[in-house]
Amino acid sequence: MNMMRRLKVTMAAALAVGLANTFTAHADEQFFPLQSYRVGPYAAGGTGFFGGFIDYLNLINIRDGGVNGVKLTWDEGETQYEVERGVEVYERLKSRPGIAAWNPLSVGIAYAMIDRITKDKVPLITINHGRTDSTDGRVFPYVFPLLLNPYSETSGIVNYIASKEGGADKLKGKKIVVLYHGSPYGKETIPIYKRLADKYGFEVEQIEVPHPGNEQQSQWLSIRRAKPDYVVLRGWGVMNPVALKTAQKVGFPADHIIGNVWSNSEEDVIPAGDAAKGYIAITTQASGADYSVLQEVIKTVYGANKGNLDDKKRIGSVYHNLGIVNGILNVEAVRIAQAKFGKRTLTGDEVRWGFEHLQLDPARVEALGAKGLFHSINVTWDNHEGDGRVTFQQWDGSKWKVVSDWIAPDWASLRPIIEKSSAAYAKEHNIKIRTSGDEPVSQ
Amino acid sequence: MFDYQFFLEVLIGGLLSGVMYSLVAIGFVLIYKTSGVLNFAQGAMLLFAALTFVSLVERGAPFVAALAATLVIMIALGIATERLVLRPLVNQPPITLFMATLGLSYVIEGAAQLLWGTQVHGLDIGISDTPFEASGVLISRFDLFAAAVAGSLVALFALFFRYTRTGLSFRAVADDQFAALAVGLRLPRVWAAVWTVAGIVALVGGLLWGARLGVQFSLSLVVLKALPVLVLGGFDSITGAIIGGLLVGAIEKLAEVYVGPSFGGGIEAWAAYVAALALLLIRPSGLFGQKLVERV
Amino acid sequence: MPVLTPAKSSWFSGETLWIVLVIVAAYGIVPLAGSDYLLDAVLTPFLALSLAAVGLNVLTGYAGQVSLGSAAFLAVGAYAAYNLHLRVPALPLLIDLVLAGGVAAAIGIVFGLPSLRLRGFYLAVSTLAAQFFVQWALTKFSWFSNDNPSGVIDAPVLSIAGSAFTSAAERYVFSLTIVVVLTLLTLRLLRSQSGRNFIAVRDHEIAAKVIGVPLLRTKLLAFAISSFLIGVAGVLWAFAYLRTVEPAGFNLDRSFQILFIIIIGGLASLRGSFIGAAFIVVFPLLLSRVGAALLGSVFDSGVLEMSQRIVIGALIIVFLIAEPRGLIALWDRAFAAVRPAKRPA
């Protein structure tokens, strides 16, 4: 077939052009391949997160000349949040030299990459999302659900409700409705809520909203009939503002709705207008641009006209700050790995070691200019989540305001569930479970 | 004990949502009736209208000016579509035309976001959405308003089709294209007019749905709610679109609340399609559709 | 509906020679010369989508029944194969593959039943019921994904009679073989009495009935064959290409993509399915590569992507206007110009 071959030849030529432009990494560069999404239904989140990430990498390059002189580079491939596009970008960029880590910010893409990155020995960072059992570094050496996995999130939310009610013992007899997105993501925490309900003696009712969630009349009427004390919103995309609007429609108070980590951005509340006033949501990183690292980004990066966000009003928004925090964690992992392996371009496996020693206590976080932005992280070889703390923020109609301390989820009681699941995965995939952080990672 | 009040609440909520579905379905019907095209770009047009309006307002344009400007843009879009897409595709099989409107929806979605960005926006059209209670049953003010708008739109169309020259030629073309041609009607002109009207419907739908969901990419997904309405009511009947919308709204809400729990919930996404299918097996062209069968 | 009846062509026509050459090159040269990227990210999805398009073409192109639910059958195939492999480990993978196609065919027959009463868009829209129902069921009942809390399934390693297909080239050859075999079988079927029945039903249902074509059987057979092929394509998509899948990946956009392939490639032409798939898979990649290389320094990637969406949409419209019978018609014309004596099939 002539045409097909011609297409292939043209494509090869185009690839050659692309490669010639980009194959310029020297020995002193560390590369971040970005599977970003700036188009499609989730573009608002994608531009914020990848904008923040790039802004921070730029800050390190401009202000410090890279990490110990090693320049940070990156290249974007658009995924539109679709798994196969993410895989295509992975296959395209994976042979580039000096890859530090992959940061897809998409559960679907992350899942499709687990086998691939494990084979290629490069870390996969799924900050605030991803596969819960990948917290277990013994089974998933290259996967890092940094700061928060879905189970910790659930526990954090329940702990917050307990603190509002005046203690865990006051949860007894309370009623919580979980309104979840009709997708694997939404369903993932169903058993955990049940478990916590049994443990603390509250009643839980879990109601599904079919994707995309632009109609929720029947769900909210059921909620009205159930008369719960709190509604937990485990939403995604358009489902969130519609939930808030419909809540108003049935007269449920917004300040008794608590959003999860994918229902916590400006994009989730602004479309709901007044209905969102008083709504509370969990977060791992506070919003706002008051933190000194944000101020430096504004001064150094945006001042040099190298800022990534088109709309400067979005600096300090939830997704932008998540991108900044993600940047901090990636850069610090590289820095920690450099201290062991030398100030040069590191291999993916060396950066993996860096992530497994990514321990930033509140003092170090303050030194990085991020005091108040996020609390701390303590990743070890077997705990790839790193015990991130959560806080809660309330929407006042124009911005988020932090309304709680840094709350610790109940990691200890979650760990056995995680280990059970990761053990099953190890068995299914014939993975040898690591017994210490020092041994070389085998497959 | 059967909670009658709750049943009424669900039913009324469903009927009012159904009106919103009808609003989208009418846009489909108008175009299908006159040119035999299932216009999948209706959702993209809705998005484009709402995004244009809200972006103009955010840039400081007064409400009325923004509305007028958006209206002009939608009309231009309608005419351009007829000229550039449909006219060259005259006499092609319906499936080709359908695919062309899919292509068109890519173009419109891309253009809308290229012009106005991918940010999500809130849209306040000045109707508060606090509910009121009528003998114990909660009713949404906004939904009532939306229903009133949809109702007047349909009434306007009815008058237009009955009493104006263009309206009559619409009906002539819908009845029999060849006869209409033979008596000297200019098909392209009628098509341009009908796409203009579809643009206006998209604007109204876009504003009302935008106020409900926020103005963002997902707005274009509301077409999926309109499709079972079309099947139920018939692709070529405006009355059908209204009744179908009400039925779909009521069926999916009642099904979700009363049947859903035994399946574990979340059945709304397909309940309407199954109901539509069941009806089709009895009446193959919907409740109000013409018996004339279209072959694809 | 353009009538493109597959005429009997002699086995030794130039066309056949070309096809043989392409197959030889696909086996002999591509796996050795192609990079991992080409094999894994371009050719394997191309093969899976081609097979799905062949399947849909049987239903829509030959038998004249429009379906908007193809992605549902991809999903059924993928999840059926996964569960067969998991729950009946004794079965060899190839049997899983065939049985998965069989499950998809069975579901296809159920959702094909309305075709006995419905035509045109009424049928098309009712196939959406399959689309939404299957996605809902796979998400809802976690049994299908072996109670994985995230609903995602991990494909097993492809292996036949003890030898595993693990590298990109091996997975490509595996997919290629399945696709070639099934396409040849489909071609055979289309040239049999059943194939002629499909076309009779498409071209004039009442006339077909009059001359004694069993409508019920013919339509359901078309749905079954089509769903079988799409189901197997789903297995390739899940096992050979992505290797982890979730129900959300089989959404309406995927169904439209497959429909695009057969319309752009050419209805009622199996070669058209391949050309269309090549276009739909390769063209966006090419566009984004070239766009990024030429304009990447001027615009950010969001603007580029949005412009590409516009270009792709516009190009689809232009294609439909310029050649409503699809790329295959262009190809045939070009071929006829080179070899005027032969009439390609």
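**Reading a predicted model, from a helix pair to an interface**

Q: In this predicted model, which residues of α2(B) and α3(B) meet?
A: From α2(B) the participants are M45(B), A49(B), T52(B), F53(B), L56(B) and V57(B), and these meet F63(B), A66(B), L67(B), A69(B), T70(B), I73(B), M74(B) and L77(B) of α3(B). Sorted by class, the residues of this contact are twelve nonpolar, two polar and no charged.

Q: At what angle do the two helices pack, and how far apart are their axes?
A: Helix α2 (residues 42-58) of chain B packs against helix α3 (residues 63-86) of chain B at an angle of about 145 degrees, and the axes are 9 Å apart.

Q: Is the crossing of α2(B) and α3(B) left-handed or right-handed?
A: The crossing of these two helices, α2(B) and α3(B), is right-handed.

Q: Turning to chain A, in what order do the strands of the open sheet lie?
A: The order is β6-β5-β7-β8-β9-β12-β13 (chain A), a run of seven strands with mixed pairing. At the edges stand β6 (203-209) and β13 (400-402) of chain A, each of which pairs on one side only. On average, with direction ignored, neighbouring strands of this sheet are turned by 25 degrees against each other.

Q: How many bridges join β5 to β7 of chain A?
A: There are five bridges between β5 (residues 175-181) and β7 (residues 230-234) of chain A, and the two strands run parallel. Within this pair, I176(A) stands opposite Y230(A) of β7(A).

Q: Which strands does helix α9 of chain A lie across?
A: Helix α9 (residues 239-249) of chain A lies across β5, β6, β7 and β8 (257-259) of chain A, and runs at about 175 degrees to β8(A).

Q: What does the radius of gyration of chain A agree with?
A: A compact globule of 443 residues would have a radius of gyration near 22 Å, and because chain A has 22 Å, the two agree. The C-alpha trace of chain A spans about 65 × 55 × 45 Å along its principal axes, and buried residues make up 60% of the chain. Of the contacts in chain A between residues at least 6 apart in sequence, 70% join residues at least 24 apart.

Q: How many residues does each of chains B and C bring to their contact?
A: Chain B brings 43 residues and chain C brings 35 residues. On the side of chain B that touches chain C, α4 (94-116), α9 (223-233) and α11 (268-282) of chain B each supply at least two residues, and α4(B) gives the most, with 15 residues. By class, that side of chain B has 31 nonpolar, nine polar and three charged residues.

How values were computed
Residues are numbered from 1 along each chain as its sequence is written. Chains are lettered from A and ligands numbered from 1 in the order in which they are written. This is a predicted model: local features need pLDDT of at least 70, side-chain atom pairs count only at pLDDT 80 or more; totals for chains, interfaces and linings use all residues. Two residues are in contact if their C-beta atoms, placed from the backbone, lie within 7 Å. Helices (H or I, at least four residues) and strands (E, at least two) are DSSP runs, numbered from the N terminus. Ala, Val, Leu, Ile, Met, Phe, Trp, Tyr, Cys and Pro count as nonpolar, Asp, Glu, Lys and Arg as charged, and the others, Gly among them, as polar. The radius of gyration is taken over C-alpha atoms; the globule rule is 2.2 Å times the number of residues to the power 0.38. A residue is buried if 20 or more other C-beta atoms lie within 10 Å of its own, exposed if 12 or fewer, and partly exposed in between; C-beta atoms are placed from the backbone. Two strands pair if DSSP finds at least two bridges between them. Axes are lines fitted to C-alpha atoms, for helices over the stretch in contact, and angles run from 0 to 180 degrees between N-to-C directions. A crossing is left-handed if the near helix is turned anticlockwise from the far one by less than a right angle, and right-handed if clockwise.
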